[in-house]
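Biologist: Could you take me through one part of this model in detail? I'd like a close look at a sheet and what packs on it, and then at the metal site.

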Amino acid sequence: MDAYAIDCHRQAARIAKDCREWAVQNIRPGVEVRYILESIESTIRDRGAHPGFPAQSSRNHIAAHYCSAPNDELTYQVGDCVKVDLGVHVDGYVADTAASVDLSEDGRWAPLVKASADALAAAIATVGSGVRVGEIGAAIEETIEAAGFQPVRNLTGHGLGRWKVHTPPQIPNYADGSGPELREGMVFAIEPFACNGKGYIRECGRAEVFMMVRPPKKAKGLDRELLKAIESWRGLPIARRYFQNHDEQALEDTIGKLARQGSLMRYPPLVEEEGVMVAQTEHTMYLGPDGVEVLTA
Ligand code: CO
């Protein structure tokens, strides 16, 4: 990790932290989800950076990847357990952070939110050069189970690279064997999810988040302008909302064609069982020569 790269990660992280804090203050019953997400993304741009991935805010049993459609009118409700997960990139170097908000009137999700935050703190206390990712996962699992909840076992933390939101190593949310070692110079995100269900998510519903995973093959009827706009994100995740100045049908056709040829991946919402509540807390950190620096704290 050279000085320029870490400086870009730091700048991205500062913006991400401010956006997360703004969102936590402004997510309230009656507020539109899309307003929160679009405000985050416009603040990121106003500060001279770009979204590292589309801002997302999942409610209740939806653990991740709820991203508003361009015309989404969904509002937060009293009683919701809300996640907000956002990314910022500066010259391709990404910071990724998330927090949860309890919108119940009696504070009933506060222990769940606290369990995910405490698990993140326990994980960070475990981080060091030579530490295996399985030890991080064990710290997360112990903390969440001690609070009476379950970690979501099929969601993980991850390394962060240039123009890449997910690089090795995966950092499990439970004691999943020993795994690879953390090494000095790594930038990575740890993101414990705590829930009052079994702790497994599955894909459900329409995807609003996409990512180019390989160069597109030439295909008849591919909208060249749209393709250029999609490729300008250089493999970072994107959302339908990013392309509202393009023809809606052309966008659907292009997404469909690219997905069918395997160059574009779709990321639908990830859900636990209906009725289960999920909370998430996430920071991006740098393991430097002087130890861990939590960039989004
Ligand atoms: Co993440």
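Modeller: Sure, bearing in mind that this is a predicted model. Start with helix H3 (residues 110–126), which lies across E8, E16 and E17 and runs at about 10° to E16. Those strands belong to an open sheet of five, ordered E7-E6-E8-E16-E17, with antiparallel pairing. Strand E7 (164–171) and strand E17 (291–294) are at the edges with a single partner strand each, so one side of each has no neighbour in the sheet. On average, neighbouring strands here are turned by 35° against each other, direction ignored. Zooming in on one pair, E8 and strand E16 (residues 283–288) run antiparallel and are joined by four bridges; Ala189 sits opposite Thr284 in E16. Helix H1 (residues 3–26) packs on the sheet too, touching strand E6 (157–161), E8, E16 and E17, and its direction makes about 155° with that of E16.

Now the metal. The cobalt ion has protein donors from Asp96 (OD), His158 (NE2), Glu191 (OE) and Glu282 (OE), at 2.0 to 2.3 Å. Along the chain their spacing reads D-x61-H-x32-E-x90-E. One pair, Asp96 in strand E4 (residues 93–102) and Glu191 in the loop between strand E8 (187–190) and strand E9 (193–195), links distant parts of the chain, 95 residues apart. Asp96 is buried, with a relative accessible area of 2%, and Glu191 counts as buried as well, at 6%. As for geometry, the arrangement is irregular because the four donor atoms subtend angles of 83 to 169° around the cobalt ion.

Key
Residues numbered from 1 in each chain as written. Predicted model: local features only at pLDDT ≥ 70, side-chain atom pairs only at ≥ 80, totals over all residues. Heavy atoms only, no water. Donors = N, O, S within 2.8 Å, 3.2 Å for Na, K, Ca; no water. Tetrahedral: all angles 85-135°; square planar, octahedral: opposite > 155°, others 65-115°. Helix = DSSP H or I, 4+ residues; strand = E, 2+ residues; numbered from the N terminus. Buried < 20%, exposed > 50% of the residue type's maximum accessible area, 1.4 Å probe, protein only. Pairing = 2+ DSSP bridges. Axes fitted to C-alpha atoms, helices over the stretch in contact; angles between N-to-C directions. Contact = heavy atoms within 4.5 Å.
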